Amino acid sequence: MPPKSDSSEGIVLNYVNEQNRPLNSQNVADSLQKFNLKKAAVQKALDSLADSGKISFKEYGKQKLYLARQDQFDIPNNEELNQMKEDNAKLQEQLNEQKKAIGDVEGEIKALQSNLTLEEIQARQTKLAKDTEQMEEKLIKLRQGVTLVTPEERQAVEKVYVDMVTQWRRRKRMFKEIWDAITENSPKNLNEFKEELGIEYDEEVGVSLQSYSDLVQNGKKKPRIK
């Protein structure tokens, strides 16, 4: 008589049959913790099921491995196995199609979510109209010869600009002094060594210190940058 499905033996038997692979008592106890079964109760159930012939077991030294009885399962023949493989391939193809369809739908959802709502469009339109109006006012003043930047503001910006170019020039000089000291007696090819260190000169990236220095003018006289 089979054990009741809600008894310890019934729970253990169902699990062993479902897994259909070699298991030790610890494996079973860990997996059946949700049923509040202690390892001692699991071990007792496994031994009882093995003694009654409901499951198989093998002893390896002090350890026992338990396995579902194989004679209870229908073993498919070659023709059935081939049919199962074909069915599995068809199911896999259907699964891939479903995944693709889900991906397409998710892409459409993301695209819709990225679109602006009517309220957002109206708010952006209002902001753009305001920005356009402000720029048109500035353009009118410029055409009329109105100076929009005060001499103080211009002087402050020029000072910051000159300071930055000065720092640039100083750093170039510092680099040259260090580079010359390192490479003075170096047997390495300097171009290869420079590439190895990831060093790029201003000219190699399309910038020129002198061209930036020449941008600043104070009336008809260019500022002197040291």
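In the predicted model, helix α5 covers residues 118–143 and has 26 residues. The distance from its first C-alpha to its last is 37 Å, close to the 38 Å expected at 1.5 Å a residue. Just after α5, G145 adopts a positive phi of about 85°.

Helix α1, made up of residues 8–19, packs against α3. The axes of the two helices lie 9 Å apart and form an angle of about 75°. Because angles of 65 to 115 degrees count as roughly perpendicular, α1 is described as roughly perpendicular to α3. On the α1 side, the contact is made by S8, E9, V12, L13 and V16. On the α3 side, the residues are A45, L46, S48 and L49. By type, the residues of this contact divide into 6 nonpolar, 2 polar and 1 charged.

The structure holds 10 salt bridges, and three of these are described here, beginning with D47 and K64. The closest N and O atoms of D47 and K64 are 3.7 Å apart, which falls within the 4 Å limit for a salt bridge. This pair links distant parts of the chain, with D47 in helix α3 (residues 39–51) and K64 in strand β2 (residues 63–68). In sequence, D47 and K64 are 17 residues apart. D47 has a relative accessibility of 23% and counts as partly exposed. K64 also counts as partly exposed, at 31% relative accessibility.

A salt bridge within one helix is formed by R154 and E158. Here the closest N and O atoms are 3.2 Å apart. Both residues belong to helix α6, which covers residues 151–183. Because R154 and E158 are 4 residues apart in α6, about one helical turn separates them. An α-helix has 3.6 residues a turn, so residues three or four places apart point the same way. E158 has a relative accessibility of 18% and counts as buried, because the cut-off for buried is under 20%.

The side chains of K194 and E204 also meet in a salt bridge, with an N to O distance of 2.9 Å. This pair links distant parts of the chain, its members being 10 residues apart. K194 lies in helix α7 (residues 190–197), whereas E204 is in the loop between α7 and α8 (209–213). The two residues fall into separate classes of accessibility: K194 is buried, with a relative accessible area of 7%, while E204 counts as partly exposed at 45%.

Two residues of helix α4, Q113 and E93, were also examined for their exposure and for their distance from other residues. Helix α4 covers residues 78–114. Q113 has a relative accessible area of 61% and is exposed, because the cut-off for exposed is over 50%. Between the C-alpha atoms of Q113 and K39 the distance is 52 Å, and the two residues are 74 residues apart in sequence. E93 has a relative accessible area of 48% and is partly exposed. The C-alpha atoms of E93 and A50 are separated by 42 Å, with their positions 43 residues apart along the chain counted as the sequence separation.

Notes
Residues are numbered from 1 along each chain as its sequence is written. This is a predicted model: local features need pLDDT of at least 70, side-chain atom pairs count only at pLDDT 80 or more; totals for chains, interfaces and linings use all residues. Side-chain values use heavy atoms; hydrogens and water are left out. Buried means under 20% relative accessible area, exposed over 50%, partly exposed in between (1.4 Å probe, protein chains only). Axes are lines fitted to C-alpha atoms, for helices over the stretch in contact, and angles run from 0 to 180 degrees between N-to-C directions. Angles under 35 degrees count as roughly parallel, over 145 as roughly antiparallel, 65 to 115 as roughly perpendicular and the rest as oblique. Contact means heavy atoms within 4.5 Å. Ala, Val, Leu, Ile, Met, Phe, Trp, Tyr, Cys and Pro count as nonpolar, Asp, Glu, Lys and Arg as charged, and the others, Gly among them, as polar. The expected span of a helix is 1.5 Å times one less than its number of residues.
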